[in-house]
Amino acid sequence: MENGEQGACEPDGPFSASPENASPVTATSYPISLELKNSEREKETSQDAVLSENVTNSTVTGSIIEDNKTLMWSVATFHETIQCEKLHLDLGHFPRKAVQQDYRMPDVITVRVQTDPDTFQDVAVKIERPTFRKPFLGGFKNRITGVEFHNTGSQTVPKKRPEKGTTLFCRETQTVFQKNKCQQTANPTSTQMTKVGLYVSSVTDKLITPGKYFTAEEYHKCRLEAVIVLQKYFRRWRARNLVQKLKEEKRLRLAWETQEELKKKKENEDKVRRERERRLNPKTKEDFELLYHALESWRQEEIERINATLTGAERKAALCGLLEEEAQLIASIGRHKLNADEENQHKAVLHFLSKCAQPKRWKAYDGKTTEMDTPYTLRARELLEIYHSVSMNDIPQDERVDVLLTLRCTVEEHACELTKEIVELIDREVDLMSREVKECNLEGLRKRICTLFLQYIKTPKFNPEVAKILKVPPDPIKLYKNVNFCRSCENYLPSTEFPVPANSRTIGRCHLCCKLDNEARQRESFLKYRLILENLRKSEADYQDDTKIVFLVQLQDLQYVIENIWGCQSALSACSDLYDLVMVRWDKQMEWSPWNTILLTKDEADAHLKLCNLQEAYEAAFIHRIKQKHIRAKKYFAQIPAMTSFLPRSNKQANAS
């Protein structure tokens with residue numbers, strides 16, 4: 001209430017101080033108002049005067065008011081209510097507690113909140129009533145007022161354990177249950193016998209004769225013998241099962257060994273058959289390498305035999321005859337090579353055209369492959385079908401004429417010297433066929449048409465899709481950036497035509513010159529090393545740990561490692577069959593490198609990769625021998641600049657020093 005205003009406190013109800021239901025502490029609420037009747041003011045004054053002697057002090061809103069002050073001194077504002085407590089010292093006048101009326105809070109109350117200095121807002125507050133009875137946690141009592149205060153707990157509902165969906169049972173302890181039972185009858189009984197005046201039938205009676213008396217020792221001895229008999233039968237049953245299990249394991253082991261032996265025998269037979277087929281009908285470069293290698297081996301054996309058995313003129317004559325036989329065999333191999341080159345060239349052309357006609361493919365997020373045809377791929381597919389038809393032989397004359405007309409309509413879309421020549425050859429063949437010329441006389445003309453049409457297909461202007469696959473780009477400026485000079489054949493070739501070992505510093509001879517030199521002099525076969533390198537790269541790709549060294553190592557580097565470091569034999573069994581040898585990681589936790597590898601057979605490699613601790617699996621002497629081979633490989637590859645970055649730091653420092 002402001003200083004310049006006059007006001008009075010009006011009690012909510014009449015004040016009563018009867019000793020029947022009064023208390024030493026009296027609580028009264030007074031609303032603040034500016035207007036108050038004189039009669040009510042006098043009445044309140046008289047009541048305060050009566051109680052003034054017995055009142056020690058008053059409390060308003062948690063603060064104590066002195067005796068010489070009135071309610072006007074309170075800090076209450078307009079339209080507020082003052083709650084007062086008066087403490088009386090006259091306990092004789094107030095002997096008992098006042099009976100408090102039960103108060104029930106409503107479900108929703110309104111609270112006035114001051115948002116601004118001059119603005120108030122009413123907020124509705126919902127009262128949440130407890131759904132369970134709170135436990136009694138103790139408390140204390142005010143000895144003056146007699147009011148009891150209880151300790152409070154958490155005001156949250158206890159959390160229920162989630163149901164697991166299964167019924168749980170308590171597990172009892174596995175102890176022996178003892179139960180005492182009395183064998184004596186509850187009531188005394190008697191038996192009835194036959195006597196005078198009473199007949200009892202003996203039909204159901206049994207005659208029991210006492211047997212042999214068993215002592216405790218005899219009883220336990222009999223039990224022990226029975227237990228021994230049971231143990232004998234059980235052990236016999238168990239031994240029989242164990243023997244049957246061992247027999248079954250032995251049978252399976254022998255069957256597996258027999259199967260593996262047959263499998264290896266079949267693989268060897270297939271390998272021999274494939275090699276024989278390769279030598280009889282060579283088709284690839286590897287096949288001709290095997291032929292020249294076999295020819296060189298035969299020549300060396302014959303020279304040793306001649307030198308060991310013949311001397312003088314006979315030796316010279318035998319060597320001349322051997323030279324003539326070698327020349328005939330080389331000529332025969334050359335004829336096979338011409339036939340194989342012609343067949344391989346036709347297959348290469350078909351593969352080239354099929355690659356141009358393939359649709360665009362990519363994988364979606366769900367792993368499925370999506371294919372899409374573009375106008376360029378459709379054009380390439382159309383030209384491929386026409387080429388197939390043109391290159392076919394032994395077809396009727398009418399179908400041949402239709403194919404030639406289709407070819408003519410296709411090439412006439414573009415006018416140039418090439419298309420004009422193709423059209424002239426088509427007209428010439430149609431004219432010759434109308435004159436019933438034999439087909440054997442038309443083979444040259446048809447080959448010429450196929451050759452010119454293939455040239456037409458390889459022109460990017462007529463077939464745009466082919467520009468992405470041609471080895472020689474149409475733009476000569478791009479070719480100049482990646483061209484090297486071969487000093488042997490004196491030709492300018494792309495860098496892909498040159499073998500580049502890891503330790504080479506300059507560009508040497510091209511692949512063709514190296515092949516001719518090998519066929520003329522050494523006649524070595526690199527097929528075995530090539531298979532080992534392919535298997536090694538395939539196995540390293542399966543690890544998916546971003547290994548790099550295995551793809552930097554070339555065929556010549558791998559050949560040096562196998563021949564000079566590992567001696568072309570397995571580190572465990574000393575097997576020298578290179579077709580059965582593979583290179584794997586020595587420590588499978590690290591990426592493959594020439595200083596982290598071991599040469600083993602296929603079965604030994606499978607068993608080696610299953611090991612978890614190499615120190616426990618191998619002897620110290622074997623591990624030391626493998627480490628020595630790794631050190632030799634490090635010294636060799638440390639000279640290669642491309643391998644320096646992959647060497648361990650300690651080795652780099654040692655090499656630098």
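1. In this predicted model, the largest nonpolar core comprises 38 residues. Ile-562, Trp-566, Met-583, Trp-586 and Ile-598 are the members with the most contacts inside this core. At least two residues apiece come from helix H11 (527-543), helix H12 (549-552), helix H13 (555-565), strand S14 (581-585), strand S15 (597-601) and helix H16 (620-637). The leading contributor is H16, which gives 6 residues.

2. Trp-566 merits separate mention. Setting aside residues up to four places away in sequence, the residues that Trp-566 touches are Val-561, Ala-571, Met-583, Thr-597, Ile-598, Leu-599, Ile-626, Lys-629 and His-630. Among these partners, Met-583 and Ile-598 are also listed with Trp-566 as residues with the most contacts inside the largest core.

3. A further core of 33 residues lies apart from the largest one. Its members include Val-423, Ile-449, Leu-452 and Leu-454.

4. The pairing of helix H3 (residues 285-309) with helix H4 (residues 312-357) is described next. Their axes are 11 Å apart and make an angle of about 175°. Angles over 145 degrees count as roughly antiparallel, and H3 and H4 are therefore roughly antiparallel to each other. On the H3 side, the contact involves Phe-288, Leu-291, Tyr-292, Leu-295, Trp-298, Arg-299, Glu-302, Ile-303, Ile-306 and Asn-307. The H4 residues that they meet include Leu-319, Leu-322, Glu-325, Glu-326, Leu-329, Ile-330, Ile-333 and Lys-337. Sorted by class, this contact has 14 nonpolar, 2 polar and 6 charged residues.

5. Gly-508 sits in the loop that runs between strand S13 (491-494) and helix H10 (511-522). Its relative accessibility is 36%. Since partly exposed residues fall between the 20% limit for buried and the 50% limit for exposed, Gly-508 counts as partly exposed. When neighbours within four places in sequence are left aside, Gly-508 is in contact with Phe-485, Cys-486 and Phe-498. The C-alpha atoms of Gly-508 and Arg-487 are 7.3 Å apart, with a sequence separation of 21 residues.

6. Some values concern the chain as a whole. The protein chain contains 18 helices and 15 strands. Its length is 657 residues, of which 23% count as buried. Its accessible surface comes to about 50300 Å², with 53% belonging to carbon and sulfur atoms. Among contacts with a separation of 6 or more, 56% are between residues 24 or more positions apart.

How values were computed:
Residues are numbered from 1 along each chain as its sequence is written. This is a predicted model: local features need pLDDT of at least 70, side-chain atom pairs count only at pLDDT 80 or more; totals for chains, interfaces and linings use all residues. Side-chain values use heavy atoms; hydrogens and water are left out. Helices (H or I, at least four residues) and strands (E, at least two) are DSSP runs, numbered from the N terminus. Buried means under 20% relative accessible area, exposed over 50%, partly exposed in between (1.4 Å probe, protein chains only). Contact means heavy atoms within 4.5 Å. Accessible areas come from the Shrake-Rupley method with a 1.4 Å probe; for residues, only the protein chains shown count as cover. Axes are lines fitted to C-alpha atoms, for helices over the stretch in contact, and angles run from 0 to 180 degrees between N-to-C directions. Angles under 35 degrees count as roughly parallel, over 145 as roughly antiparallel, 65 to 115 as roughly perpendicular and the rest as oblique. Ala, Val, Leu, Ile, Met, Phe, Trp, Tyr, Cys and Pro count as nonpolar, Asp, Glu, Lys and Arg as charged, and the others, Gly among them, as polar. A nonpolar core is a set of buried Ala, Val, Leu, Ile, Met, Phe, Trp, Tyr and Cys residues joined through side-chain atoms within 4.5 Å.
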